[in-house]
Amino acid sequence: MTFTKKVADLTPIVDTVFAIARRAKEDEKLHGDEVVNATIGALYDEDNQLVAFDSVFDHYNTMPNTTKAAYAPNFTGTTAFKDAIYNWVVQDVNLDLPHSVIATPGGSGAMSMAITTCLDVGDTLLIPSFAWTSYAIMAHENQYQSLTYEMFEDDHFNLNDLKEKVESLLDKQERIVIVINDPCHNPTGYSMTNHEWEELITYLNEVSKTHPCIILNDIAYIDYSYDLSHSRDYLNVFKKMSDNVMVIIGFSISKALTSYGLRCGAAITIANKQEDVRDVEIVFEKKARATWSSIPNGAMENFIWVISENKEAFLKEKDTYIALLKERADLFLKESLDEELSLYPYKEGFFVTLKMNNNEERDIYHEKLMDNHIYTVKVNKGIRIAICSLPLNKIKGLAKKLKDIQKEI
Ligand SMILES: Cc1ncc(COP(=O)(O)O)c(C=O)c1O
């Protein structure tokens with residue numbers, strides 16, 4: 001007998017990131033600068049400090065206490081916030097499609113709400129073979145299965161495997177729900193080409209003749225794209241969705257504004273028919289009310305201010321960190337090439353992932369790295385290096401160290 005519901009999964013959560021980060025901190029007390037802590041998935045500067053944009057927080061700190069203390073006037077987000085989010089996400093892409101925006105606690109809230117709205121109990125969620133671990137937890141906590149599609153075929157998006165996985169579900173469930181974390185995929189740093197997006201939509205349009213298809217497009221890292229002015233181009237492909245395909249975009253203000261603790265983000269639903277968008281919106285409204293109730297008012301107000309009144313300063317400040325990320329990535333990629341270290345195809349974003357042949361080898365290697373004071377995060381058949389938090393002096397020479405340790409196993 002337990003006090004938890006019958007279907008509760010009582011296996012404790014294994015937090016692969018925080019546990020290793022704690023070990024790294026302990027090691028730093030003993031070995032100081034020798035330690036390479038490549039675990040932290042937030043933006044850090046060259047002095048090892050968490051980046052909190054002045055262009056975001058200086059204003060936040062001057063906002064009246066009552067603005068921060070107040071409930072949001074609307075539990076789905078204010079109209080001004082919804083408009084600001086939509087315009088920020090689509091920018092100059094003219095989608096001209098019915099859409100709705102709901103404020104959520106970060107990108108996590110958006111993804112979780114979308115997953116639990118679209119699947120029936122027992123259904124299977126399709127997630128990439130390299131993925132942010134929360135998707136599977138969100139699925140399993142809500143009595144869904146998850147199935148992974150291989151993300152890469154050589155160094156390209158593996159549509160063939162995704163097709164196979166979709167087809168394996170067609171006899172089992174009414175709807176197909178697929179997580180696509182793009183651009184700046186966590187943990188590989190891959191971004192799909194517009195052509196890959198086109199092929200995906202063409203395929204889903206076919207599938208949707210018998211099964212509604214929902215793409216959950218997690219864009220948590222989009223605002224760190226190296227080619228920002230074209231980062232939204234792929235959204236044009238949604239104009240080609242058939243009536244039975246929908247996209248729900250999960251946006252994270254945590255990443256965009258370096259405000260992880262403010263818990264603010266949004267889910268944007270887009271489809272051809274207004275009534276389909278409204279159906280999803282109705283469920284979202286109730287889910288919001290029934291779980292987090294409303295989003296911090298100060299966080300929403302501050303987002304609106306930053307992207308309207310302080311846009312230039314914000315973009316300028318963010319650009320300096322995009323340039324820093326790129327400098328770190330370029331250095332690591334160049335040295336990895338020199339050392340013939342195998343990486344998954346990195347294009348942009350916070351993380352780079354080393355290729356491992358299998359998870360047994362990965363586990364041995366991961367331990368051996370820690371014996372050598374290098375702390376990383378294990379992912380499926382890979383080792384994630386968080387270049388977002390590693391200063392250049394720690395990146396310099398890292399590929400060689402990684403290669404040398406690899407040779408020992
Ligand atoms: C791929 C991905 N999606 C979404 C999120 C959600 O972030 P938050 O809920 O803090 O906005 C994260 C956070 O690490 C992430 O890595």
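Student: Which residues of H12 meet which residues of H15?

Tutor: On the H12 side they are Phe332, Glu335, Ser336 and Glu339, and on the H15 side Leu398, Ala399, Lys400 and Lys403. Keep in mind that this is a predicted model. Residues count as touching when their C-beta atoms lie within 7 Å.

Student: How do the residues of this contact divide into nonpolar, polar and charged?

Tutor: There are three nonpolar, one polar and four charged residues. Phe332, Leu398 and Ala399 belong to the nonpolar class, Ser336 to the polar one, and Glu335, Glu339, Lys400 and Lys403 to the charged one.

Student: How do the two helix axes lie to each other?

Tutor: The axes of H12 (residues 311-339) and H15 (residues 398-408) come within 8 Å and cross at roughly 40°. The crossing is right-handed, a word used when the near helix is turned clockwise from the far one by less than a right angle.

Student: Let's turn to the sheets. What makes E2 and E4 edge strands?

Tutor: An open sheet of seven strands runs in the order E2-E10-E9-E8-E7-E3-E4, with mixed pairing. Strands E2 (99-104) and E4 (145-149) each pair on one side only, and that is what earns them the name. Across this sheet, neighbouring strands are turned by 20° against each other on average, direction ignored.

Student: How do you know that E2 is paired with E10?

Tutor: Pairing asks for at least two bridges, and six bridges join E2 to E10 (residues 265-270), so the requirement is met. The two strands run antiparallel. Ala103 stands opposite Ala266, while Thr104 has Gly265 across from it.

Student: Is E2 mostly covered or exposed?

Tutor: Mostly covered: six of its six residues are buried. One side carries His99, Val101 and Ala103, the other Ser100, Ile102 and Thr104, and both faces are covered.

Student: Why is E7 called largely enclosed?

Tutor: A residue is buried once 20 or more other C-beta atoms lie within 10 Å of its own. Five of the six residues of E7 (residues 176-181) are buried, so the strand is largely enclosed by the rest of the structure.

Student: Which strands pair with E7, and in what sense?

Tutor: E3 (residues 124-128) pairs with E7 in the parallel sense over two bridges, which satisfies the minimum of two. E8 (residues 213-218) is also parallel to E7, over six bridges. Val177 takes part in both pairings: Leu125 has Val177 as its bridge partner in E7, and Val177 in turn has Ile214 as its partner in E8.

Student: Why is Ile219 called buried?

Tutor: The cut-off is 20 C-beta neighbours within 10 Å. Ile219 has 26, so it counts as buried. This residue is found in the loop between E8 and E9 (245-252).

Student: What does Ile219 touch beyond its neighbours in sequence?

Tutor: Leaving aside residues within four places in sequence, Ile219 is in contact with Ile249, Gly250 and Phe251. Ile219 and Asp182 are 37 residues apart in sequence, yet their C-alpha atoms are 5.7 Å apart.

Student: Which residues come nearest to the ligand?

Tutor: Of the 13 residues around the ligand, those are Gly106, Gly107, Ser108, Ser252 and Ser254. The shell divides into three nonpolar, nine polar and one charged. Glycine counts as polar in this scheme.

Student: Which element gives the largest share of that shell?

Tutor: Helix H5 (residues 106-118), with three residues. H5 also lies across E2, E3, E7, E8, E9 and E10, running at about 155° to E9.

Student: Now the three-stranded sheet. Why is one side of E11 and of E13 left without a neighbour?

Tutor: This open sheet has the order E11-E14-E13, with antiparallel pairing. E11 (351-355) and E13 (377-379) stand at the edges with a single partner strand each, so one side of each has no neighbour in the sheet. Its neighbouring strands are turned by 35° against each other on average, direction ignored.

Student: How many bridges join E13 to E14?

Tutor: Three, and the strands run antiparallel. Val379 has Gly382 as its bridge partner in E14. Helix H13 (residues 359-371) packs on this sheet, touching E13 and E14, and its direction makes about 40° with that of E14.

Terms used: Residues numbered from 1 in each chain as written. Predicted model: local features only at pLDDT ≥ 70, side-chain atom pairs only at ≥ 80, totals over all residues. Axes fitted to C-alpha atoms, helices over the stretch in contact; angles between N-to-C directions. Helix = DSSP H or I, 4+ residues; strand = E, 2+ residues; numbered from the N terminus. Contact = placed C-beta atoms within 7 Å. Near = placed C-beta within 6 Å. Buried ≥ 20, exposed ≤ 12 C-beta atoms within 10 Å, placed from the backbone.
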